[in-house]
Amino acid sequence: MTLALRGEKLSRTFSSAAGDVHACVDIDIEVAAGELVVVRGASGAGKTTLLNLLGGLDAPTSGKVWIGDVEATALDEDALAALRRERLGFVFQSFGLIPILSAAENVELPLRIAKTPPAERDARVAEALKLVGLADHAAQRPTELSGGQQQRVGIARAIAVRPHVLIADEPTGQLDSRTAATVMDLISDLVHSQGLAAVVSTHDPLLVQRADRVIELHDGRVTSVTGGSLDAVGAAPETPGADEPHAPRTRAEAREQRQGH
Ligand SMILES: Nc1ncnc2c1ncn2[C@@H]1O[C@H](COP(=O)(O)OP(=O)(O)O)[C@@H](O)[C@H]1O
Ligand SMILES: [Mg+2]
């Protein structure tokens with residue numbers, strides 16, 4: 001198994017006059033290429049903090065992060081920025097698109113920053129927009145697109161650089177539930193077809209069924225891990241009442257339920 005992303009004993013404490021906030025405590029996480037891991041938890045559980053640590057946007061108080069075989073937490077700021085640019089794609093809850101740029105220009109931006117040659121840029125933009133089903137909307141500006149379409153542009157922008165790792169912090173948080181499901185399906189399809197390693201946070205129980213693995217966070221700690229190979233080694237018991245009783249938590253469980261188990 002190729003590990004694309006690994007966090008080891010990650011902790012992040014924020015200090016303020018009011019006291020310390022332990023936003024992440026001793027979190028271990030491993031994500032293989034082609035695997036979709038969903039980080040689930042209520043608001044304030046520590047999802048954004050964890051994703052920021054994994055994406056090299058914030059430094060842990062203690063613990064280590066590896067992107068592929070590179071220890072991100074051992075790099076200086078410039079080397080970390082270069083690693084982020086080359087290996088990581090980010091998707092944000094609020095889409096993060098630039099309003100005066102067209103969909104294609106938004107997708108092209110990280111390629112410009114990475115100094116990708118123009119001809120290859122054009123090809124990558126076209127490919128990314130096609131992958132998210134927006135080939136016919138390349139010239140439109142964000143305000144001329146629906147919320148779901150805007151997030152598709154956000155996803156196209158993230159994958160245009162051909163990252164190894166995709167990090168998406170509540171990518172469906174601003175979408176209605178039907179659109180959220182289609183965006184989550186798109187992420188799941190891309191992860192599996194492109195061999196991306198993805199970490200996606202959500203507090204929506206309906207979205208976890210696209211996950212290969214679900215990591216539940218509560219007050220900065222992992223309270224359960226379901227699905228994938230970690231099931232075999234015995235995950236911690238789930239928090240009771242945190243969930244609808246029969247909602248499938250992984251793709252495997254959803255499949256079993258459909259088959260009437
Ligand atoms: N920059 C910060 N400074 C101080 N406290 C923070 C900061 N970022 C997050 N926190 C705190 O850490 C905890 C986890 O926050 P966050 O990771 O944003 O949770 P989530 O994304 O699950 O809603 C919360 O108590 C939050 O208030
Ligand atoms: Mg958050």
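This is a short tour of one strand with its two partners, and then of a pair of helices, in a predicted model.

**Stop 1: strand S3**

Select residues 36–40, which make up strand S3. This strand is mostly covered, with five of its five residues buried. Now show the side chains. In a regular strand, side chains alternate between the two faces of the sheet. Here Leu 36, Val 38 and Arg 40 point one way, while Val 37 and Val 39 point the other way. Don't skip Arg 40: that residue is buried too.

**Stop 2: the partners of S3**

Add residues 197–202, strand S8, which runs parallel to S3 and is joined to it by five bridges. For a landmark, pick Val 37 and look across to Val 199 in S8, which stands opposite.

Next, bring in residues 213–218, strand S9. S3 and S9 also pair in the parallel sense, over four bridges. Your landmark on this side is Val 39, with Ile 215 of S9 opposite.

**Stop 3: helices H3 and H4**

Hide the strands and select residues 103–113 (H3) and 118–131 (H4). How do their axes sit? They come within 9 Å and cross at roughly 125°. An angle that is over 115 but not over 145 degrees counts as oblique, so H3 and H4 are oblique to each other. Their crossing is right-handed.

To see the contact itself, show these side chains:

- from H3: Ala 103, Ala 104, Val 107, Glu 108 and Leu 111
- from H4: Arg 121, Arg 124, Val 125, Ala 128 and Leu 129

Colour them by class and you get seven nonpolar, three charged and no polar residues.

Definitions and conventions
Residues are numbered from 1 along each chain as its sequence is written. Chains are lettered from A and ligands numbered from 1 in the order in which they are written. This is a predicted model: local features need pLDDT of at least 70, side-chain atom pairs count only at pLDDT 80 or more; totals for chains, interfaces and linings use all residues. Axes are lines fitted to C-alpha atoms, for helices over the stretch in contact, and angles run from 0 to 180 degrees between N-to-C directions. Helices (H or I, at least four residues) and strands (E, at least two) are DSSP runs, numbered from the N terminus. Angles under 35 degrees count as roughly parallel, over 145 as roughly antiparallel, 65 to 115 as roughly perpendicular and the rest as oblique. A crossing is left-handed if the near helix is turned anticlockwise from the far one by less than a right angle, and right-handed if clockwise. Two residues are in contact if their C-beta atoms, placed from the backbone, lie within 7 Å. Ala, Val, Leu, Ile, Met, Phe, Trp, Tyr, Cys and Pro count as nonpolar, Asp, Glu, Lys and Arg as charged, and the others, Gly among them, as polar. A residue is buried if 20 or more other C-beta atoms lie within 10 Å of its own, exposed if 12 or fewer, and partly exposed in between; C-beta atoms are placed from the backbone. Two strands pair if DSSP finds at least two bridges between them.
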